[in-house]
Amino acid sequence: MARILVVEDEENCVRALEYFLTLAGHQVVSAPRAREAIELAAGFRPDVLLTDLFLADEKGGAEVARALLTEDPDLPVIVMSGLPVPEIERRTADLAIFRVCPKPVRLSHLAEVIGEALATA
Amino acid sequence: MSNSGKATAPRTELEAEALEARREAEAHARQQEVVVRLGLSAIRANGVQPVLEEAVRAAVDTLGVGFAKVLELEPGGERLLLRAGLGWKEGLVGSAQVPVGETQGGYALQAEEPIVVEDLAAEDRIPRPRLLTDHGVVSGMTVLIRTKEGPWGVLGVHSDTRRTFTRNDVNFLQALANVLTAVLDRQAIERRLQHSQAELALKVAEERLRRSERLASLGTLAAGIAHEINNPVNTILMTSESALMALEAGRDGDRLREDLSIVVQEAERCGVMVQKVLEFVRDRRPERKPDDVNEVVRSAMTMAQKTLGDLPADVGAELAAGLPPVSLNRAEVEQALIHLIRNAAESGRGEAVQVTVRTGTSGDRVLVAIEDTGQGVPVEVRDQIFDPFFTTRREKGGTGLGLSLAHSIVTDHGGTIDLESEPGRGSTFLIELPAVAGTA
């Protein structure tokens, strides 16, 4: 049972994630934009950040990760994106990312990664 | 001056003093006039050399001396070059170099103050330089020319008969040198300006090249396609997995129905995206013919208007008459312009926006500017705005292919497209297309 902040602008993807993560016993809050995500994080204080890279505003998921890691350098950040892996790595090179999950990603795999993230935290 | 036509001898010492004072005042006024005149020609002059030459002439004429010179400190600071002069033997001006240590000029440079020599033969502050002894120089004075960047050189006058230089004479020579300083400082600023303009032009050209190479690369396109396909596939996968879970738990019949309709919807999205990618990469028809850009703009505007629906945008045109023809594929350039006009019309993000399409020429190129009064493009995304699949309007159905397509059509036509934008105040996309040779 953990607090998970989901930052994703694909509405249907968020729908599936929320269903699955809630069923797994987690508390989920989601935002489609970087700005909202950063604002929400201040009150929600997530245990894990699960973020996409391209979002609905000009700032991307990398900006959200940067902002949250500045506040809490130990926060496990899981990046999921449809971009090719080298491109994801290029865009997050300067950040301490826990794991990159290239889309399409299976929910069962995501559950394992979240488990590992919580174990290290 | 005198109405008797010959000089009258002064009667008393007082009168003699008064006469001397008046002579000096008159000479001073004349000198000031000469300085003002040099200042005026310096303002009009094109380059430094004519002003240096006029300064030595003014010094010779006004002070009644046989020689004048401008020496410039050479790089390294060891030697002085005779940049301009009057009275010297032929062939010296422009080529003669004197070691700094051996000259009055060198002394003036080091002392940083005017130096006046009444009798060179009796002078022990400095060695007797060849340039002066060869010309039988007896008296002289030298002042420093000091620019903002440091000592530049000296201005000097000399005579082959013994003479005294007054305080006014020294001030006069220094005033001429000050005019030269101003001219040299101005030249330095102009050079720096030209330099930075050239640097800027180079940077813009490099930026364009880098962008075109990146956009033309298969990797950029592939990354975009991957992103656009992987996202709906991901949603299909996650939705199906969660549907299976719901099924196993034997609950949520309504949710299952919704899951399936999402799967259908996202699978269709994949199909549409593949279609758009194929359209994007299909070979463009090479048929081009000389065409009137204004006409292409007019028809693109008409077509764009139809797609704008109830967007609060007012689209107008200011088209220049007499444009030279451009060899183009009309359907393609229209398509590029429609995307740019649409993009401009959406730039208000809900607020009313004025879009103006202008045409004009610059040398042998035809210009089309699409200006909007919208929100502007944030600095952090300027570099990506032409990337295929990059969009800030995904929620509103943007695919991120419009600007990329416009970019690729314009570059295919041998043109350039650039963005100027001020956040909150609007953007201008400027297209330059080559006019048909010999028509501009």
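# Exercises on a two-chain predicted model

Helix α1 (residues 13–44) of chain B has 32 residues and spans 47 Å from first to last C-alpha, close to the 46 Å expected at 1.5 Å a residue. The structure is a predicted model, in which local features need pLDDT of at least 70 and side-chain atom pairs count only at pLDDT 80 or more, while totals for chains, interfaces and linings use all residues. Residues are numbered from 1 along each chain as its sequence is written, and chains are lettered from A and ligands numbered from 1 in the order in which they are written.

## Exercise 1. Two helices of chain B

Compare the reach of α7(B) with its expected value, and list the buried residues of α1(B) and of α7(B).

Solution.
- Step 1: terms. Helices (H or I, at least four residues) and strands (E, at least two) are DSSP runs, numbered from the N terminus. The expected span of a helix is 1.5 Å times one less than its number of residues. A residue is buried if 20 or more other C-beta atoms lie within 10 Å of its own, exposed if 12 or fewer, and partly exposed in between, with C-beta atoms placed from the backbone.
- Step 2: reach. α7(B) has 29 residues and covers 43 Å between its end C-alpha atoms, close to the expected 42 Å.
- Step 3: burial. In α1(B) the buried residues are Q31(B), V34(B), V35(B) and L38(B). In α7(B) they are D259(B), I262(B), E266(B) and M273(B).
- Step 4: cover. The buried residues of α7(B) are covered by elements including α1 (11–23) of chain A and α6 of chain B.
- Step 5: the chain. Chain B comes to 10 helices and 13 strands, and buried residues make up 34% of its 440 residues.

## Exercise 2. The side of chain B that touches chain A

Describe the side of chain B that touches chain A by its elements and by its residue classes.

Solution.
- Step 1: contacts. Two residues are in contact if their C-beta atoms, placed from the backbone, lie within 7 Å. By this criterion 22 residues of chain B meet 20 residues of chain A.
- Step 2: elements. α6 (218–248) and α7 (253–281) of chain B are the elements that give two or more residues to this side. The largest share, 14 residues, comes from α6(B).
- Step 3: classes. Ala, Val, Leu, Ile, Met, Phe, Trp, Tyr, Cys and Pro count as nonpolar, Asp, Glu, Lys and Arg as charged, and the others, Gly among them, as polar. The touching side of chain B divides into 9 nonpolar, 8 polar and 5 charged residues.

## Exercise 3. The sheet of chain A

Give the strand order of the sheet in chain A, then follow the chain from β4(A) to β5(A).

Solution.
- Step 1: order. Two strands pair if DSSP finds at least two bridges between them. The 5 strands form an open, parallel sheet in the order β2-β1-β3-β4-β5 (chain A). Its edge strands are β2 (27–31) and β5 (99–102) of chain A, each pairing on one side only.
- Step 2: angles. Axes are lines fitted to C-alpha atoms, for helices over the stretch in contact, and angles run from 0 to 180 degrees between N-to-C directions. Neighbouring strands of this sheet are turned by 20° against each other on average, direction ignored.
- Step 3: packing. Helix α3 (residues 61–71) of chain A packs on the sheet and touches β1 (3–7), β3 (48–51) and β4 of chain A; its direction makes about 165° with that of β3(A).
- Step 4: pairing. β4 (residues 77–81) of chain A and β5(A) are joined in the parallel sense over 4 bridges. In β5(A), C101(A) stands opposite M80(A), and P102(A) stands opposite S81(A).
- Step 5: crossover. From β4(A) the chain passes through helix α4 (residues 85–91) of chain A to β5(A), a right-handed β-α-β crossover. Right-handed means that, with the strands pointing away from the viewer, the path from the first strand over the helix to the second runs clockwise.

## Exercise 4. Backbone exceptions in loops

Locate R45(A) and R349(B), give the phi of each, and find the residues joined by a cis peptide bond.

Solution.
- Step 1: background. Most residues other than glycine have a negative phi, and most peptide bonds are trans.
- Step 2: R45(A). This residue is in the loop between α2 (34–44) and β3 of chain A, with a positive phi of about 45°. R45(A) counts as partly exposed because it has 13 C-beta neighbours inside 10 Å.
- Step 3: R349(B). The loop between α9 (330–345) and β10 (353–362) of chain B holds R349(B), whose phi is near 50°. R349(B) counts as exposed because it has 11 C-beta neighbours inside 10 Å.
- Step 4: cis bond. K103(A) and P104(A) are joined by a cis peptide bond, with omega about 0°. P104(A) lies in the loop between β5 and α5 (107–120) of chain A.
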